[in-house]
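This report introduces a structure to a reader who has not met it before. Please look over the sequence and the 3D view first.

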Amino acid sequence: MSEPLGLFGGTFDPVHYGHLRLAEEAIAHLGLGGVRWIPAGQPPHREAPQVTAAQRLAMVHRATAGNPRFSVDASEVEASAPSYTVHTLERLRRELGDRQQLVLLVGADAFAGLPGWHRWRDIFALAHVAVSHRPGFPVETASLPLELADEFNARRQADASALQAGPAGAIVTFAMTQLAISATQVRKLLANDLSARYLLPDDVLDYIQIHSLYRNA
Ligand SMILES: Nc1ncnc2c1ncn2[C@@H]1O[C@H](COP(=O)(O)OP(=O)(O)OP(=O)(O)O)[C@@H](O)[C@H]1O
Ligand SMILES: O=C(O)c1ccc[n+]([C@@H]2O[C@H](COP(=O)([O-])O)[C@@H](O)[C@H]2O)c1
């Protein structure tokens, strides 16, 4: 059987080291063959990002270049419609077949919001879900909305080997290096003309400076 493939969607406005460590540590902790980064085109659930989808995609390319286990999927950026994860997963299923193990990677904050996602329960038929710890967002039943806590309790597997066993349907959690970095924080620093260095890769910061992005967050 092939190795599970990680799928990492995000607004990445901009991509930072919290994202990069999440993807890197998911490979190690979950035994993934690689991670496919999927920048959201038109995020359906939040205000329109300040920079274009093409610019966020370019920054993800810069951040992930040189890691052979990372690939970038531009399909949501190229689509004209809002990016619903369930649609992306349906497309990937058609592309990769029914047997490939797919693992949707989400931080604990994004996971807690899952019941607000379009056709959220269908996601479990299409992929496993791996939830990373994030500072300030506990991953425990008591802190989740009730309907999600029920799915979590029913699907939770303690051992990441469950991701190998089938193509979809399990939920696992994993502890990553805790980095209290957010794109919001990066945007605020840049808008105030303060240094965001070492919160994100220099290549991404160079791109931001060349294109004069995030001057008025
Ligand atoms: N520091 C972090 N630690 C763990 N997970 C993170 C971290 N930053 C982002 N993530 C996860 O990465 C995914 C994409 O996040 P996103 O692009 O919204 O970044 P963000 O920093 O949360 O952005 P913003 O501050 O604009 O909301 C989500 O699943 C989110 O939970
Ligand atoms: O499909 C949905 O309805 C949906 C609602 C909210 C978020 N998502 C996805 O969740 C991922 C993380 O979102 P964000 O806002 O934390 O960048 C990103 O890939 C979004 O497209 C998806």
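The text below covers the chain as a whole, then an annotated domain, then the surroundings of the two ligands.

**The chain**

This is a predicted model. The average pLDDT of the chain is 95, and 99% of the residues reach a score of at least 70. For the model, ipTM is 0.99 and pTM is 0.97.

The chain contains 10 helices and six strands. Along the principal axes, its C-alpha atoms fill a box of roughly 45 × 35 × 30 Å. How does the radius of gyration of the chain agree with that of a compact globule? A compact globule of 217 residues would have a radius of gyration near 17 Å, and because the chain has 17 Å, the two agree.

Buried residues account for 37% of the 217 residues. Among contacts in the chain with a separation of 6 or more, 78% join residues that are 24 or more positions apart.

**The annotated domain**

An unreviewed UniProt entry places the feature "domain: Cytidyltransferase-like" at residues 7-188. Over residues 7-188, helix makes up 39% of the chain and strand 15%. The C-alpha atoms at the two ends of this stretch are 28 Å apart.

**Around the ligands**

Which residues come nearest to ligand 1? They are Gly10, Gly18, Gly107, Ala183 and Thr184, out of 18 residues around this ligand. Four elements give two or more residues each to the shell: α1 (17-30), β4 (102-107), α5 (108-112) and α9 (183-191). The largest share is that of α1, with three residues.

Ligand 2 has 15 residues around it, and Gly9, Thr11, His45, Trp117 and His118 come nearest. To this shell, β1 (5-10) and α4 (85-96) each supply at least two residues.

The table gives the make-up of each shell by residue class.

| Shell | Nonpolar | Polar | Charged |
|---|---|---|---|
| Ligand 1 | seven residues | eight residues | three residues |
| Ligand 2 | seven residues | seven residues | one residue |

In the shell around ligand 1, then, seven nonpolar residues stand beside eight polar and three charged ones. Around ligand 2, the nonpolar and polar classes have seven residues each, with one charged residue besides.

Methods. Residues are numbered from 1 along each chain as its sequence is written. Chains are lettered from A and ligands numbered from 1 in the order in which they are written. This is a predicted model: local features need pLDDT of at least 70, side-chain atom pairs count only at pLDDT 80 or more; totals for chains, interfaces and linings use all residues. UniProt positions are given in the numbering used here, feature names are shortened, and annotations may be inferred rather than shown by experiment. A residue is near a molecule or strand if its C-beta atom, placed from the backbone, lies within 6 Å of it. Ala, Val, Leu, Ile, Met, Phe, Trp, Tyr, Cys and Pro count as nonpolar, Asp, Glu, Lys and Arg as charged, and the others, Gly among them, as polar. The radius of gyration is taken over C-alpha atoms; the globule rule is 2.2 Å times the number of residues to the power 0.38. A residue is buried if 20 or more other C-beta atoms lie within 10 Å of its own, exposed if 12 or fewer, and partly exposed in between; C-beta atoms are placed from the backbone. Two residues are in contact if their C-beta atoms, placed from the backbone, lie within 7 Å. pLDDT is the predictor's confidence in each residue, from 0 to 100.
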